Amino acid sequence: RDIVQNAPKELRCALDEKLLCDPVVSPGGVIFERSTLARWLQKHGNTCPVTGEGLCLEDCSRSPELRKKVTEWVRGEARRDGKR
C-alpha cells in the first residue's frame, strides 16, 4: 500500500492519482488509468476532466511503455522494501 501512495506523480492517473495499471494518453498528453477515465466519461460525457476539451476513450492511446515503467518502479520498490 505504501508503494502505491509513494508512487511518482508521472506514474499516477491524472484523475484519481492512483498508480497506473492500464495507462492511456489523451491527445492533449494527459495520462489516465483507462478504466477510471472510461467511468468518468460515461458519467460526465465526452469531456476531458483535466482540460475541459472534447474527449472520448477511443481518442486516447494505450501506453505500453508507461505500463512497463510502472512495473519496473513497483519491482524496484518491492526490492527496497525487502532490504529494510
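This is a short conversation about how the labels used for this predicted model follow from its numbers.

User: Before we start, what kind of model is this, and how are residues numbered?

Analyst: It is a predicted model, where local features need pLDDT of at least 70, side-chain atom pairs count only at pLDDT 80 or more, and totals for chains, interfaces and linings use all residues. Residues are numbered from 1 along each chain as its sequence is written, and side-chain values use heavy atoms, with hydrogens and water left out.

User: Thanks! How many helices and strands are there, and what makes a stretch count as one?

Analyst: The protein chain has 3 helices and 3 strands. Both are DSSP runs numbered from the N terminus: a helix is H or I over at least four residues, and a strand is E over at least two. Read from the N terminus, the order is α-β-β-α-β-α.

User: How do you know that β1 and β3 are paired?

Analyst: Two strands pair if DSSP finds at least two bridges between them. Strand β1 (residues 23-25) and β3 have 2 bridges, in the antiparallel sense, so they meet the rule. In one of the pairings, Val-25 has Ser-61 of β3 as its bridge partner.

User: Why do β2 and β3 count as edges of the sheet?

Analyst: The sheet is open, with 3 strands in the order β2-β1-β3 and antiparallel pairing. Because β2 (31-33) and β3 (61-62) each have a single partner strand, one side of each has no neighbour in the sheet. Helix α2 (residues 34-44) lies across β1, β2 and β3, at about 90° to β2; that angle is taken between N-to-C directions on a scale from 0 to 180 degrees, with axes fitted to C-alpha atoms, for helices over the stretch in contact.

User: Why is Asp-22 called buried?

Analyst: Buried means under 20% relative accessible area, exposed means over 50%, and partly exposed lies in between (1.4 Å probe, protein chains only). Asp-22 has 18%, so it is buried. You can find Asp-22 in the loop between α1 (2-5) and β1.

User: And why is His-44 called partly exposed?

Analyst: His-44 has a relative accessible area of 44%, so it is partly exposed. This residue belongs to helix α2.

User: What makes the link between Asp-22 and Arg-62 a polar contact?

Analyst: A polar contact is a pair of N or O atoms within 3.5 Å; within protein, one must be able to donate a hydrogen and the other to accept it, and residues adjacent in sequence count only if both atoms are side-chain atoms. The side chains of Asp-22 and Arg-62 are joined at 3.0 Å, so the distance fits the rule.

User: How do you know that Cys-56 and Cys-60 form no disulfide?

Analyst: A disulfide is a pair of cysteine sulfur atoms within 2.5 Å. The closest cysteine sulfur to that of Cys-56 is in Cys-60, at 7.7 Å, so it is too far for a bond. For Cys-60 the closest is in Cys-48, at 7.7 Å, which is also too far. The count by this rule is 0 disulfides.

User: Last one: what makes a group of residues a nonpolar core?

Analyst: It is a set of buried Ala, Val, Leu, Ile, Met, Phe, Trp, Tyr and Cys residues joined through side-chain atoms within 4.5 Å. The largest one here has 17 residues, and Leu-11, Leu-19, Phe-32, Leu-37 and Leu-55 have the most contacts inside it. Helix α3 gives the most to this core, with 3 residues.

Note on methods
Contact = heavy atoms within 4.5 Å.
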